[in-house]
Amino acid sequence: MLHPNPTSAAAGPVIRRARPEDAEILAELGARTFSDTFAHLYDPADLADYLVEAYSLERTRADLADPAKALWLVEDGDRPIGYALAGPCALPHDDVTPACGELKRIYFVKDRQGAGVGGRLFAEVMAWLQAGGPRDVWIGVWSENYGAQRFYERHGFAKVGEYGFKVGRTVDREFILRRSGNSFSG
């Protein structure tokens with residue numbers, strides 16, 4: 001459910017579908033939250049190259065323009081504090097089909113993590129992914145992100161594989177999680 005009054009700060013953080021004019025905010029927020037979460041793992045030059053590839057303004061605009069994808073922005077007053085990206089599944093697993101959906105990204109700024117807004121954002125993304133009918137949803141998560149793994153497990157996701165997530169010369173061990181489309185109906 002989208003929240004119709006995106007300017008009401010009194011009600012707390014507002015989740016809304018991102019619009020083309022949000023591209024700069026989303027690109028900056030994406031690069032910042034990824035760096036805040038994972039920069040310690042990578043060589044600075046490799047990280048800089050990855051951020052350009054994954055969070056450039058052009059890439060963000062392309063994601064916003066893609067009718068098969070959706071982005072959400074979470075704002076507290078005028079401050080962007082989180083976002084999510086979902087679309088067709090691109091994870092390397094033999095069971096992925098064109099009908100599968102993927103939660104590609106969900107991040108919050110550090111001082112707003114664990115405040116309960118993530119659950120609301122996750123629910124909106126899952127509802128969007130199921131809007132056309134039940135389908136399997138996939139998520140890739142870093143093998144050492146135990147908090148995220150517990151969250152997804154509580155929401156019906158199970159590990160079904162692994163792959164290497166490359167940032168420069170570093171290849172992280174990522175888990176592939178899946179939730180059956182049938183589990184969304186009950």
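Tyr50 and Tyr55 are both buried. In this predicted model, the centres of their rings are 6.3 Å apart and the planes meet at 75°, so the pair counts as edge-to-face, the class for angles over 60 degrees. The aromatic pairs come to 16 in total.

Another of these pairs joins Phe38 and Trp142: with ring centres 5.8 Å apart and planes at 90°, this pair is edge-to-face. Phe38 belongs to helix 1 (residues 23–38) and Trp142 to strand 5 (residues 137–142), so that the contact links parts of the chain 104 residues apart. Phe38 and Trp142 are both buried.

The four residues named so far are members of one aromatic cluster, made up of Phe34, Phe38, Tyr42, Tyr50, Tyr55, Tyr83, Tyr107, Trp142 and Phe165.

Charged side chains also meet aromatic rings. The table gives two cases in which the charged end sits over the ring.

| Charged residue | Ring | Distance to ring centre |
|---|---|---|
| Arg17 | Trp72 | 5.5 Å |
| Lys159 | Phe175 | 4.1 Å |

The largest pocket holds about 1,400 Å³ of space. Its lining consists of 49 residues, and those nearest the centre are Lys104, Arg105, Ile106, Tyr107 and Gly140. Tyr107 is also part of the aromatic cluster. Strand 4 (residues 101–108) contributes the most to this lining, with 7 residues. Sorted by class, the lining residues of the largest pocket are 25 nonpolar, 14 charged and 10 polar.

How values were computed. Residues are numbered from 1 along each chain as its sequence is written. This is a predicted model: local features need pLDDT of at least 70, side-chain atom pairs count only at pLDDT 80 or more; totals for chains, interfaces and linings use all residues. Side-chain values use heavy atoms; hydrogens and water are left out. On a 1 Å grid over the protein atoms alone, a cavity is a set of points where a 1.4 Å probe fits but cannot get out, and a pocket is an open set with protein on both sides within 12 Å along at least five of seven lines; lining residues have an atom within 4 Å of a point. Grid points are joined across faces, edges and corners, and a volume is the space filled by probe spheres set on the points. Helices (H or I, at least four residues) and strands (E, at least two) are DSSP runs, numbered from the N terminus. Ala, Val, Leu, Ile, Met, Phe, Trp, Tyr, Cys and Pro count as nonpolar, Asp, Glu, Lys and Arg as charged, and the others, Gly among them, as polar. Rings of Phe, Tyr and Trp (its six-membered ring) pair if their centres lie within 6.5 Å; planes under 30 degrees apart count as stacked, over 60 as edge-to-face and the rest as tilted. Buried means under 20% relative accessible area, exposed over 50%, partly exposed in between (1.4 Å probe, protein chains only). A charge sits over a ring if NZ of Lys or CZ of Arg is within 6 Å of the ring centre and within 35 degrees of the ring normal.
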